[in-house]
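Please take a moment to turn the model around on your screen before reading on. The paragraphs below are meant to be read with the structure in view.

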Amino acid sequence: MSNDRGGSAARPSRLRSAARPAERPSRAEAEEAVRTMIRWAGEDPAREGLVDTPARVVRSYEEFFSGYAVDPADVLRRTFEETDGYDEMVVLKDIRFESHCEHHMAPILGKAHVAYLPKHRVVGISKLARLVEAYARRLQIQEKMTAQIANAIQEVLQPLGVAVVIEAAHQCMTTRGVHKPGSTMVTSRMLGAFRDNQSTRREFLAMIGEPGSARLSNV
Ligand SMILES: [Zn+2]
């Protein structure tokens, strides 16, 4: 996250949701915090096998939370307008992501399905995957992430409709707490034509294979 200080900061977007702390702790302070947690767990951070662990954990955090350095609007800004009249649904399904829940900082592992109905503008399909990553690599709750992805596409591309469905397993639920491995949560956000037009929504859900269709929770 060391590249967090310049670049897109000059073009603030209201999509950049998370407030940045005024004073970011130093790397040494972050590593010290990990040493504290190791001691709290009952271990000796000076033990040979653990000496380099704080540095590794901090480097992992740089990757896990790199989404804060990405402006989602920037990801979508390059659009293509010559679509030769293409006005059918664009669907990118099974976008694998790793995120972390903001309640336990435990991994959320899942996949996102993203669709929109273009109005004049389309975006490179890899951008939809990068948009998912920009939001996944933050502290998240699944409901919020689902809505953020849909809202970003709606705001920047202004299509006729957006649909986002996320299916994910929460390790705070599977490895601790109620210990329910195998359970997945399904969330969806439908805007525009996907919300108003039942056949559009049905076409999308059929394309992505009706995930958890019995318990789709709208957010
Ligand atoms: Zn959690």
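What follows is a walk from the whole chain to its cores, its metal site and a few single residues.

Let us begin with the overall picture, keeping in mind that this is a predicted model. The chain has a secondary structure of 8 helices and 8 strands. It is 219 residues long, and 41% of them count as buried. If we take the contacts in the chain with a separation of 6 or more, 70% of them join residues 24 or more positions apart. The accessible surface adds up to about 12200 Å², and carbon and sulfur atoms hold 52% of that area.

How confident is the predictor in this chain, in terms of average pLDDT? The average is 87, and 86% of the residues score at least 70. Residues 1-12, however, have a pLDDT below 50, and this stretch makes 21 contacts in the model beyond near neighbours in sequence. Residues 213-219 also stay under 50, with 18 contacts beyond four places in sequence. A word of caution applies here: where pLDDT is low, predicted coordinates should not be read in detail.

Now for the interior. In soluble globular proteins, nonpolar side chains tend to be buried together. Here the largest nonpolar core has 32 residues, and the members that touch the most others are Phe 97, Tyr 116, Ile 149 and Ile 153. At least two residues of this core come from each of α3 (72-77), β2 (90-101), β3 (107-117), β4 (122-123), α4 (125-136), α5 and β6. Helix α5 gives the largest share, with 7 residues. There is also a second, separate core of 12 residues, with Met 89, Ala 115, Val 165 and Phe 204 among them.

Next, have a look at the metal site. Which protein atoms serve as donors to the zinc ion? They are SG of Cys 101, ND1 of His 104 and SG of Cys 172, at 2.2 to 2.3 Å from the ion. Along the chain, these donors follow the spacing C-x2-H-x67-C. Two of the donors can be described by their exposure: Cys 101 is buried because its relative accessible area is 4%, whereas His 104 counts as partly exposed because its value is 39%.

His 100 is found in strand β2. Is His 100 buried or exposed? With 8% relative accessibility it counts as buried, because the limit for that class is under 20%. Leaving aside residues up to four places away in sequence, His 100 touches a list of residues including Met 105, Pro 107, Ile 108, Ala 136, Arg 138 and Leu 139. Phe 64 and Phe 65 are also touched by His 100, and they lead us to the aromatic rings.

The whole structure contains 4 aromatic pairs. One of them joins Tyr 61 and Phe 64 in a tilted arrangement, with 6.4 Å from centre to centre and 50° between the planes. Both residues lie in helix α2 (residues 53-64), 3 residues apart, which is about one turn of the helix. Tyr 61 also pairs with Phe 65: the ring centres are 5.0 Å apart and the planes meet at 80°, so this pair is edge-to-face. Together, Tyr 61, Phe 64 and Phe 65 make one aromatic cluster. Their exposure varies: Tyr 61 is partly exposed at 36%, Phe 64 is partly exposed at 33%, and Phe 65 is buried at 5%.

Two more residues round off the tour. Glu 167 lies in strand β6. Why does Glu 167 count as buried? Its relative accessible area is 17%, and the class takes in values under 20%, so Glu 167 belongs there. The C-alpha atom of Glu 167 is 8.6 Å from that of Leu 109, although the two residues are 58 residues apart along the chain. Apart from residues up to four places away, Glu 167 touches Gly 110, Lys 111, His 113, Gln 142, Met 185, Val 186 and Pro 211.

Finally, Gln 158 sits in the loop between α5 (142-157) and β6 (161-170). Gln 158 is partly exposed, at 48% relative accessibility. Beyond residues up to four places away in sequence, Gln 158 touches Lys 119 and Ile 153. Ile 153 was named above among the core members that touch the most others, as was Tyr 116. The C-alpha atoms of Gln 158 and Tyr 116 are separated by 9.5 Å, with their positions 42 residues apart along the chain.

Key: Residues are numbered from 1 along each chain as its sequence is written. Side-chain values use heavy atoms; hydrogens and water are left out. Helices (H or I, at least four residues) and strands (E, at least two) are DSSP runs, numbered from the N terminus. Buried means under 20% relative accessible area, exposed over 50%, partly exposed in between (1.4 Å probe, protein chains only). Contact means heavy atoms within 4.5 Å. Rings of Phe, Tyr and Trp (its six-membered ring) pair if their centres lie within 6.5 Å; planes under 30 degrees apart count as stacked, over 60 as edge-to-face and the rest as tilted. Donors are N, O and S atoms within 2.8 Å of the metal (3.2 Å for Na, K and Ca); water is not among the atoms, so sites may look incomplete. Accessible areas come from the Shrake-Rupley method with a 1.4 Å probe; for residues, only the protein chains shown count as cover. pLDDT is the predictor's confidence in each residue, from 0 to 100. A nonpolar core is a set of buried Ala, Val, Leu, Ile, Met, Phe, Trp, Tyr and Cys residues joined through side-chain atoms within 4.5 Å.
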